[in-house]
Amino acid sequence: MPELPEVETTRRGIAPHIEGHTVTDVIVREPRLRWPVPPALKAALRGQRLRRVARRSKYLLLHFDHGTLLLHLGMSGSLRVLPAGTPPQAHDHLDIVFDDDQCVRLRDPRRFGSVHWTRGDPADHPLLAALGPEPLGEDFTGDYLYARSRRRKSAVKVFLMDSKVVAGVGNIYANEALFRAGVHPGRAAGRISRERYARIAAAVREVLTAAIAAGGTTLRDFTLADGSPGYFRLSLAIYDRTGQPCLRCGQAIRESRLGQRSTFHCPHCQRS
DNA sequence: CAAAGGTCCTGCTCGC
DNA sequence: TGCGAGCAGGACCTTT
């Protein structure tokens, strides 16, 4: 579910409620996530003050003085801030309880999400070390994409979704960005010009920024920290619009598969 | 039965 | 021959 805008929306939603507060308890109801929840999590966090909630790619980083909790929401995860002791529902796997009797609750039906504890610099954590630049950071440019894509034969959409190339561009926003840039998602990444990569980089930036401003995209069950949905779905121009008219030219949007993911494009506006 | 917003891991091929 | 990079496919899981 959550792509970068949804994770960033979640970060902004939870941070003001928990930054500066001290963990009083950690409740693990289901440790079997993508990787097992660390058994020592409660011992590590109890009594510790949360300094800051940050984000790297689609990971949330909860910084404490002696280490960092990494949280990934996988395909179906969401976080909410609730009064401690609120009865859990199905798939509510983890609570982090704070000293003001609020808790952050992780819900994740598919359990593709994960929780990690790391003491060193989180940037050195194996899951973060190999990630490409943040798409909203200054390192992410058309020139960068051009350089990284030389001799790449895979489709540009697959290339954009490679976390080692750029962090946090998932299926929805890869589709949306390529539509905005007017590039066919199946075109070989290594056969796209520097000029077109400048348009692609700008489109990625624009679509992510707009989605964050709208609170992310809710397709099924994504909720903000207060339980409300994100409204960027209303702004999706291409994703999940198979057969519907292109908003620019009116031609019917086509659906295909690239890298086993649903792909959408306009046959007129994205001819190459 | 297929697909859903993610991404790690394995094993193969290719080119130097 | 060996090595690294790139690439395809499978894996994880529940719900609709």
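Visitor: Which residues does Thr-118 touch, not counting residues up to four places away in sequence?
Guide: Thr-118 touches Gly-67, Thr-68, Leu-70 and His-125. Contact means heavy atoms within 4.5 Å.

Visitor: What sort of model is this?
Guide: The model is predicted: local features need pLDDT of at least 70, side-chain atom pairs count only at pLDDT 80 or more, totals for chains, interfaces and linings use all residues, and side-chain values use heavy atoms, without hydrogens and water. Residues are numbered from 1 along each chain as its sequence is written, while chains are lettered from A and ligands numbered from 1 in the order in which they are written.

Visitor: Back to Thr-118. Where is it found, and is it buried or exposed?
Guide: Thr-118 is in strand S8, residues 114–118. Helices (H or I, at least four residues) and strands (E, at least two) are DSSP runs, numbered from the N terminus. Thr-118 has a relative accessible area of 12%, so it is buried (under 20%; exposed is over 50%, partly exposed in between, with a 1.4 Å probe and protein chains only).

Visitor: And Arg-187, where is that found?
Guide: Arg-187 is in the loop between helix H6 (171–181) and helix H7 (194–213). Its relative accessibility is 23%, so Arg-187 counts as partly exposed.

Visitor: How many residues apart in sequence are Arg-187 and Ser-272?
Guide: They are 85 residues apart in sequence, but 6.5 Å apart in space, C-alpha to C-alpha. Ser-272 is among the contacts of Arg-187 beyond four places in sequence, as are Ser-154, Ala-155, Val-156, Ile-192 and Arg-196.

Visitor: Now the DNA. Which residues are around strand C?
Guide: Around DNA strand C are His-91, Pro-109, Arg-110, Arg-111, Phe-112, Arg-152, Lys-153, Ser-154 and Gln-260. A residue is near a strand if one of its heavy atoms lies within 4 Å of it. These residues divide into two nonpolar, three polar and four charged. Ala, Val, Leu, Ile, Met, Phe, Trp, Tyr, Cys and Pro count as nonpolar, Asp, Glu, Lys and Arg as charged, and the others, Gly among them, as polar.

Visitor: What part of strand C is the side chain of His-91 2.6 Å from?
Guide: A phosphate oxygen of DNA strand C is 2.6 Å from an N or O atom in the His-91 side chain. For Arg-152, a side-chain N or O atom is 3.4 Å from a phosphate oxygen of DNA strand C.

Visitor: What about Arg-110?
Guide: An N or O atom in the side chain of Arg-110 is 2.9 Å from a base oxygen of DNA strand C. The limit for a polar contact is a pair of N or O atoms within 3.5 Å.

Key
Polar contact = N/O pair within 3.5 Å; in protein donor to acceptor, adjacent residues only side chain to side chain.
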